[in-house]
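Let's take a friendly walk through this structure together. Have the sequence and the 3D view at hand, and we will go from the whole chain down to single residues.

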Amino acid sequence: MEAIDLEQQEPLPVERDGRQVRNAEDQPDGGRKPGCCEKFQETVSRWMLPEDSRSKYLERANCCPPPIFIILVSIAELAVFIYYAVWKPQKQWVTLDDAIWNSPLTYKPEDREQAWRFISYMFVHAGVEHIVGNLVMQLVLGIPLELVHKGFEVGMVYMAGVLAGSLSSSIFDPLSALVGASGGVYALIGGYFMNAVVNFREMIPLLGVFRILAIVIFVGTDFGFAFYRRFVHDEAGLKVSFVAHFGGIVAGMTIGYVFFSDYNKKLLKDPRFWICIVGYLVFLLFAILFNIFLSPAPE
């Protein structure tokens with residue numbers, strides 16, 4: 001009888017914490033018909049993943065817990081928008097107005113010593129097209145991602161993009177204000193885009209082209225509005241920076257790609273994870289020192 005080389009066998013799938021993932025036949029109800037959640041996940045796997053990764057996705061994907069992070073963030077952003085659009089007497093449905101600029105959430109360069117503004121700007125949006133675009137994109141990408149990677153990992157990538165966006169803006173566009181969750185949205189887009197490019201040859205060609213084209217169309221449209229708010233529209237003497245988009249997408253193409261690219265590997269053992277973390281921390285330290293000692297923005 002031929003000996004079996006255990007080292008050459010395919011490793012059993014495990015969760016990020018090291019626990020083995022159970023296959024469908026190991027489940028006591030493995031013979032039941034798939035429910036709505038399972039059907040949704042199967043559709044997601046066909047649209048988002050190459051064929052050799054779908055089984056790993058379906059083994060890990062489940063609706064418990066539900067995608068609570070991205071849903072709660074979206075509700076909070078919508079609630080803040082409604083507060084300023086409806087309960088404040090202004091034209092916020094279309095564009096910015098005084099209440100937005102005076103909000104304690106908006107990032108303004110002269111108030112950068114109020115450190116929470118580097119995060120809280122994500123809750124304030126510059127108009128209906130701004131909030132709708134961000135909410136649609138983060139829900140379309142965030143919910144499927146969170147079904148697999150769960151709220152902690154998706155939240156880490158999203159918030160890394162938000163912070164990278166505001167810090168990038170404070171360095172490269174230091175005299176401009178900042179509103180919107182585009183940094184977090186673009187972090188999700190960056191991670192998803194890198195997966196689409198890396199796995200392009202393993203996808204159905206038409207589907208791969210569609211995924212990349214959809215991202216390009218959204219990014220192009222969103223950048224159009226961002227350039228308008230920065231270079232054309234002037235409200236209360238302030239300009240809205242678009243640099244957060246770049247900061248967010250870079251965070252997504254690095255940290256997000258590492259988080260979202262492998263469903264069957266512990267992050268702490270992945271050298272790419274530590275390279276991205278160290279790089280992010282170096283950038284964070286530089287941005288803090290820049291804002292304290294070198295920024296040309298008024299105090």
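A helpful term to begin with is pLDDT, the predictor's confidence in each residue, on a scale from 0 to 100. We need it because what you see is a predicted model. The protein chain has an average pLDDT of 77, and 72% of the residues score at least 70. Among the elements, helix α5 (residues 117-120) has the highest mean pLDDT, 96, while helix α2 (residues 51-60) has the lowest, 71. Two stretches call for more caution. Over residues 6-13 the pLDDT stays under 50, and the model has eight contacts beyond four places in sequence for them. Over residues 24-30 the pLDDT also stays under 50, and here the model has two such contacts.

Now step back and look at the overall make-up. The protein chain contains ten helices and zero strands, so reading from the N terminus you meet one α element after another: α-α-α-α-α-α-α-α-α-α. Of the 299 residues in the chain, 49% are buried. What about contacts between residues at least 6 apart in sequence? Of these, 73% join residues at least 24 apart. On the outside, the accessible surface comes to about 15500 Å², and carbon and sulfur atoms account for 69% of that area.

Next, find helix α6, which covers residues 128-172. How far does α6 span between its end C-alpha atoms? A straight helix of 45 residues would span 66 Å at 1.5 Å a residue, yet α6 spans only 27 Å. Look at Lys-150, where α6 bends by about 120°. This helix is also mostly covered, with 32 of its 45 residues buried.

From there, move along to helix α7 (residues 182-198) and pick out Ala-187. Is Ala-187 buried or exposed? Its relative accessibility is 0%, so Ala-187 counts as buried. Leaving aside neighbours within four places in sequence, Ala-187 is in contact with Val-157, Gly-161, Gly-248, Ile-249 and Gly-252. Ile-255 offers another view of how the chain folds back: Ala-187 and Ile-255 are 68 residues apart in sequence, but their C-alpha atoms are 8.5 Å apart in space.

Finally, let's turn to charged side chains. Side chains of opposite charge can pair when their charged atoms come close. The structure holds three salt bridges. Where do you find a network of them? Salt bridges link Lys-108, Asp-111 and Arg-117. Within this network, the side chains of Asp-111 and Lys-108 meet at 3.9 Å, N to O, and those of Arg-117 and Asp-111 meet at 3.8 Å. Asp-111 and Lys-108 are both buried; for Asp-111 the relative accessible area is 17%, which is under the 20% that sets the limit for buried. Arg-117, at 6% relative accessibility, counts as buried too.

The remaining salt bridge joins the side chains of Asp-270 and Arg-272, at 2.8 Å from N to O. Here the partners differ in their cover. Asp-270 is buried, because its relative accessible area is 4%, whereas Arg-272, with a relative accessible area of 31%, is partly exposed.

Technical notes. Residues numbered from 1 in each chain as written. Predicted model: local features only at pLDDT ≥ 70, side-chain atom pairs only at ≥ 80, totals over all residues. Heavy atoms only, no water. Salt bridge = Lys/Arg side-chain N within 4 Å of Asp/Glu carboxyl O. Buried < 20%, exposed > 50% of the residue type's maximum accessible area, 1.4 Å probe, protein only. Helix = DSSP H or I, 4+ residues; strand = E, 2+ residues; numbered from the N terminus. Expected span 1.5 Å × (residues − 1). Bend = angle between axes of the 7 residues up to and from the residue. Contact = heavy atoms within 4.5 Å. Areas by Shrake-Rupley, 256 points an atom, 1.4 Å probe, with all protein chains shown as cover.
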